[in-house]
Every structure is written in structure tokens, then in C-alpha cells.
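Here are some worked exercises on helix packing, cores and individual residues. Try each task on the structure before reading the solution.

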Amino acid sequence: MLQCRNSSINRLSTHFLLQFHQLRSQSGRPPFKNRYNDDNGDGGGYNPNRKENQEDRLQLYKSRGQHLLTNPRILDSIVRSSGVGPRDTVLEIGPGTGNLTLKLLEVANKVVAVEVDKRMVEILNKRVSERGFDEKLTIICKDALKTDFPDFDLVVANIPYGISSPLIAKLVFGGFRFRSATLLLQKEFASRLLANPGDSEFNRLAVNVKLVAEVDHVMNVSKRDFVPIPKVDSSVVKIRLKSEVPNVDLKEWWAFTKTCFGKKNKTLGATFRQKKKVAELLSLSKMTSFDEDIGKHDSCNLSDDEEDELEDLGTGVKSFKEKVIGIVRSAGLEDKRPLKLSNEELMYLLSLFNEAGIRFHDESKPMDINASFAASE
């Protein structure tokens, strides 16, 4: 009797399960398992076989930094913190399927969206048209690092991690005039951008950006607010261009900070004693003779070890190295590490080098801002 009852229950359960899955398949919703699929098989992106609508059929790739922010509360907070108003033209980079774009279109005068993925553009156009915002949106289907931006008042964007450094460099050093840039970045990257002298995260990126801009932290965003879910959390930062910037040759500054922060935990004295670096600076500076009064930079006052290091160098190179070391020493920075120095201290040292005819940027080669910042640490 008990066996018969269990058998009936099993048949009834099977019947209901079959009905449930039939109804679910008719609705177009995917099964509970394997709902997401990614190009690297880790279950991170949308399954392309989903048939709810065009957006759900889009396959997202973690490897390309395609993570869509889906939490409406966070989207609203980003728009509010950006300060966008009814007269503003907003530049959005990497709009994806338009979750943030639609929020911006509700309050802005115009939105210029730069998106390289044609699949995203198709969905974005469809969603914007459905909301009646066609006249307010301009889409540029190109690589944001390679295309020219039209005039804009604000930047509001969820930036793919892979292009964060060069894109920020393009914004702050590209000659654009905008009120602010509110950017959603990987949390670790945002921490490095926000770092100050003395912080363990202080780096060349922060030094270069803070030469011309102020950077403020707005809020943190959980990784669970994205689809597919990334490995780490994110942060929103706000960048404002300074009204007054130092009078410094930017190409020379970028090359100089690259030298100083190549090994940011090394003292500047150790960095500028390296034979390879001395030879490189000598070549760039194209110097064949030096002032007789090298002593004005205290460069004759070398230690025994430093004298030994110069034994195997030619007379011209030896004199040049003495001068380099003397300049660093005269600035009082020989025993200092770059991660503890302010921009003012670094600019002072650079000015001493340049006054002595020592250059860091190769004038024969064009400077690519994107390439220069792509590997910033």
C-alpha cells in the first residue's frame, strides 16, 4: 500500500514538473541552470539562446570588460552625483545596452554615446526609440581612444577596465573643456587614481592626473550590481579639471615621471645611478661638454662606492653621471622615494634637470598620450 502511494506521488510530481518546464519554455525563459554563458566558459555572460527580447539574446564577454550596471538605485545615484542639468550635453563612453543612457536622457539636453560594439548600438537605438529620446541621442560607433569627441559639458560613464588609464589621460590632457567626469571604475584602479603621496597605492597615474585635475571619491558599488558579475567591486569617482595648471612641458613631464616611478620604491639617487639610465639620458640630452663648475650641484662630492661605479665609464659619461647625481643631491631628494614626493617637489627636480640641459623626452619621436598611459601604475 505504501509502495503504491509513493509511486502515485512520483507520477504526480513528474506530471507537474513536465507542465512547469513546458510553460517555462513557452515563455521564452531559460532553464535555471546554465542561464548565463561566457566566452571563457565561466558562466558570466548572457546565453545567446535566450529569447525574451533582443537585449537578453546578447552575449556579454567578461574578457572584454562588458559588465552592465543593472541596479536602478545605483544608476540614479550616479546621475545625481554627476550634476547633469537640462542644458547639458553629456559624453557617455561605453553605454552598452543603455541602462545609464536612458537615465541621462531623462535629465540632459543631449547625450553623445561612444560605443564600439555594433550589437550594443543596435539594442541601444531600439531602447531609446521606444522611449522617444531619438532626437536627444547621438551615437558614435567607434573606438573611444581613436575617435574625436564633439563638444560636451560632462562625462558620465561606466569605463571598461582595459582602457581606463589611456581614456582618463585623453580626457584630462586632450584639450577638452568640461565641468566634470563622473566615472565608474574598478575599485582597485579608483584607489590608485585617488592615492596621495605617502600612500602605498601612489603611482604615476595619480601624479600625472593630479597635475591638471582634482579627483574625488563618490561611492563604492558592489560587484553584485552588474551582469555578468565581475570578480571585484567598483567605485565611482569624480574628476574636475583645475582652472590653473603648472607651466610645464607635458611631454617632458610624462617621460620624467615614467623614469621616477619605474621602480617607485627605489630612491631617486638609486634610480639615477643606473648605468642604463645614465646612458639613455646622455643620448637624449645630446650633451658633449659640461660646465666646468660641476661643483655648484655638489656632484664632485661622491662617495667611494660611487667613484668605483664610474671607473669603467668613459670620461664624458662619467662627468655626465656626476652632474646627474649632483642635481638630485642639490634638490635634497637623493634619499627620497617618488611615492612620497609631491608634484611640486617633482616639478622642482625636473626644472633643475632641464636647466642643466638634461632632457627626458625624445623630441624626434611623437608622443602618444594613449600609449604613454596604457601601462601607468
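**Exercise 1. In this predicted model, work out how helix α5 packs against helix α7.**

*Solution.* Start with the two numbers that describe the pair. Helix α5 covers residues 164-173 and helix α7 covers residues 204-212; their axes lie 10 Å apart and the packing angle is about 20°. Next, classify the angle: values under 35 degrees count as roughly parallel, and α5 and α7 are therefore roughly parallel to each other. As for the hand, the crossing of α5 and α7 is left-handed. Now find the side chains and backbone involved: α5 contributes Ser165, Ile168, Val172 and Phe173, while α7 contributes Leu205, Asn208, Val209 and Val212. Sorted by class, the residues of this contact of α5 with α7 are 6 nonpolar and 2 polar, with no charged ones.

**Exercise 2. Do the same for helix α6 and α7.**

*Solution.* Helix α6 spans residues 187-194, and its axis comes within 7 Å of that of α7, with a crossing of roughly 55°. That angle makes α6 oblique to α7. On the α6 side the contact uses Phe189, Arg192, Leu193 and Leu194, and these meet Leu205, Ala206, Val209 and Lys210 of α7. The contact of α6 with α7 holds 6 nonpolar and 2 charged residues, and no polar ones. To finish, look for α7 residues listed in each of the two contacts: Leu205 and Val209 meet α5, and Leu205 and Val209 also meet α6.

**Exercise 3. Which residues have the most contacts inside the largest nonpolar core?**

*Solution.* First, the background: nonpolar side chains in soluble globular proteins tend to be buried together. Here the largest nonpolar core has 67 residues, and those with the most contacts inside it are Phe149, Leu183, Trp253, Phe256, Phe272 and Phe353. Take Phe149 as a sample. Beyond its neighbours within four places in sequence, Phe149 touches Leu91, Ile93, Val114, Ala144, Leu167, Lys170, Leu171 and Phe176. Apart from the largest core lies another one of 25 residues, including Leu75, Leu102, Val111 and Phe133.

**Exercise 4. Is Ala331 buried or exposed, and what does Ala331 touch?**

*Solution.* Locate Ala331 first: its place is in the loop between α12 (315-330) and α13 (343-355). With the cut-off for burial set at under 20%, Ala331 counts as buried because its relative accessibility is 17%. Setting aside neighbours within four places in sequence, Ala331 is in contact with Tyr348, Leu349 and Leu352. For one of these partners, Tyr348, the separation from Ala331 is 17 residues along the chain and 7.7 Å between C-alpha atoms.

**Exercise 5. Where is Thr89 found, and which residues is Thr89 in contact with?**

*Solution.* Thr89 is found in strand β2, residues 89-93. Its relative accessible area is 16%, so Thr89 is buried. Leaving out neighbours within four places in sequence, the contacts of Thr89 are Lys110, Val112, Asp151, Phe152, Asp153 and Leu154. Thr89 can also be compared with Phe178, which is 89 residues away in sequence and 9.9 Å away in space, C-alpha to C-alpha.

**Exercise 6. Which two residues does a cis peptide bond join?**

*Solution.* The cis peptide bond joins Val227 and Pro228, with omega about -10°. Pro228 sits in the loop between β8 (226-227) and β9 (234-241).

Conventions. Residues numbered from 1 in each chain as written. Predicted model: local features only at pLDDT ≥ 70, side-chain atom pairs only at ≥ 80, totals over all residues. Heavy atoms only, no water. Axes fitted to C-alpha atoms, helices over the stretch in contact; angles between N-to-C directions. Helix = DSSP H or I, 4+ residues; strand = E, 2+ residues; numbered from the N terminus. Parallel < 35°, antiparallel > 145°, perpendicular 65-115°, else oblique. Left-handed = near helix turned anticlockwise from the far one by under 90°. Contact = heavy atoms within 4.5 Å. Nonpolar A, V, L, I, M, F, W, Y, C, P; charged D, E, K, R; others polar. Core = buried A, V, L, I, M, F, W, Y, C linked by side-chain atoms within 4.5 Å. Buried < 20%, exposed > 50% of the residue type's maximum accessible area, 1.4 Å probe, protein only.
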